[in-house]
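Got the model open in your viewer? Let's walk through it one selection at a time.

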Amino acid sequence: MDIDQSRTLSWLPFKAAEIPFTRDVAGWAIVGLNLLSAVWSTFVFLGFLRLTPVEWVMINTCAPSVYLFAVAFLLKSPLLMVAASVWMLRFGVGGLFVFSWEGVNLVAQVGHLLMTAGVLYTAWRVIGERRWRALTLGVALGLAALIPFTLLQGAWFEARPGLLESLFSGSYGPPGQ
């Protein structure tokens with residue numbers, strides 16, 4: 001790591017030695033495609049469906065997970081990439097099994113496949129480079145944020161009966177329809 005990068009990243013809450021890794025073409029492609037999918041889904045939920053930011057985060061947790069993943073990639077932080085991958089594993093890979101594979105949900109499933117590619121890419125890089133500290137701390141950080149969020153999200157959905165079923169089936173529409 002050069003001196004300038006060390007000073008630039010000194011504000012991060014973990015050792016600078018954990019930070020640098022070389023970005024590669026595969027990583028850029030995976031991050032780029034995931035960002036395209038996340039930006040599109042953000043537009044759909046905030047623009048077309050006119051959800052509030054809270055509703056968007058609760059219903060479309062995939063997009064914020066991808067945004068964190070992209071920031072971690074740009075910072076060259078395997079620890080943050082692992083933390084984001086924990087969320088992408090839960091919502092992206094998990095989404096492959098709970099959303100239908102027809103109609104409008106096909107677009108969501110493409111996003112879930114891209115998130116799965118991001119999780120696999122992160123695992124390949126972190127484990128392949130034997131970054132055990134980044135793996136351990138990243139999983140711990142990801143779970144430390146994911147578990148309370150999942151409890152909050154569960155309570156939020158419980159207060160809105162039928163919403164999850166309409167999302168999973170692809171029948172959810174703009175409010176008022």
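## Start with the open space

Colour the lining of the largest pocket by class and you'll get 24 nonpolar, 16 polar and one charged residues. (Nonpolar here means Ala, Val, Leu, Ile, Met, Phe, Trp, Tyr, Cys and Pro; charged means Asp, Glu, Lys and Arg; the others, Gly among them, count as polar.) Before going on, know that this is a predicted model: local features need pLDDT of at least 70, side-chain atom pairs count only at pLDDT 80 or more, and totals for chains, interfaces and linings use all residues. Residues are numbered from 1 along each chain as its sequence is written, and side-chain values use heavy atoms, with hydrogens and water left out.

Which residues should you select to land nearest the centre of the largest pocket? Pick Phe45, Ile59, Asn60, Phe99 and Ala108, out of 41 lining residues. Elements giving two or more residues to that lining are α2 (25-48), α3 (53-59), α4 (62-74), α5 (78-98), α6 (105-128), α7 (132-158) and α8 (163-169). Helices are DSSP runs (H or I, at least four residues), numbered from the N terminus. The pocket's volume is about 920 Å³.

How is a pocket told from a cavity? On a 1 Å grid over the protein atoms alone, a pocket is an open set of points with protein on both sides within 12 Å along at least five of seven lines, while in a cavity a 1.4 Å probe fits but cannot get out; lining residues have an atom within 4 Å of a point. Grid points are joined across faces, edges and corners, and a volume is the space filled by probe spheres set on the points.

## Next, the closed space

A search of the whole structure finds one cavity of 30 Å³ or more, with a volume of about 60 Å³. Select Phe21, Pro78, Met81, Tyr121, Thr122, Arg125, Val126, Glu129 and Arg131 to see the lining of this cavity. By class that's five nonpolar, one polar and three charged. The largest share, four residues, comes from α6.

## Now the helix packing

Show α5 with α6: their axes come within 8 Å and cross at roughly 145°. (Axes are lines fitted to C-alpha atoms, for helices over the stretch in contact, and angles run from 0 to 180 degrees between N-to-C directions.) Their contact has 13 nonpolar, eight polar and no charged residues.

Swap α5 for α4, and the angle with α6 is about 35°, with the axes 11 Å apart. Here Cys62, Ser65, Val66, Phe69 and Phe73 in α4 meet His112, Met115, Gly118, Tyr121 and Thr122 in α6 (contact means heavy atoms within 4.5 Å).

## Last stop: a ring pair

Stay on Phe73 and add Trp28: this aromatic pair is edge-to-face, 5.1 Å centre to centre with 90° between the planes. (Rings of Phe, Tyr and Trp, using its six-membered ring, pair if their centres lie within 6.5 Å; planes under 30 degrees apart count as stacked, over 60 as edge-to-face and the rest as tilted.) Trp28 lies in helix α2 and Phe73 in helix α4, so the pair ties together parts that are 45 residues apart in sequence.
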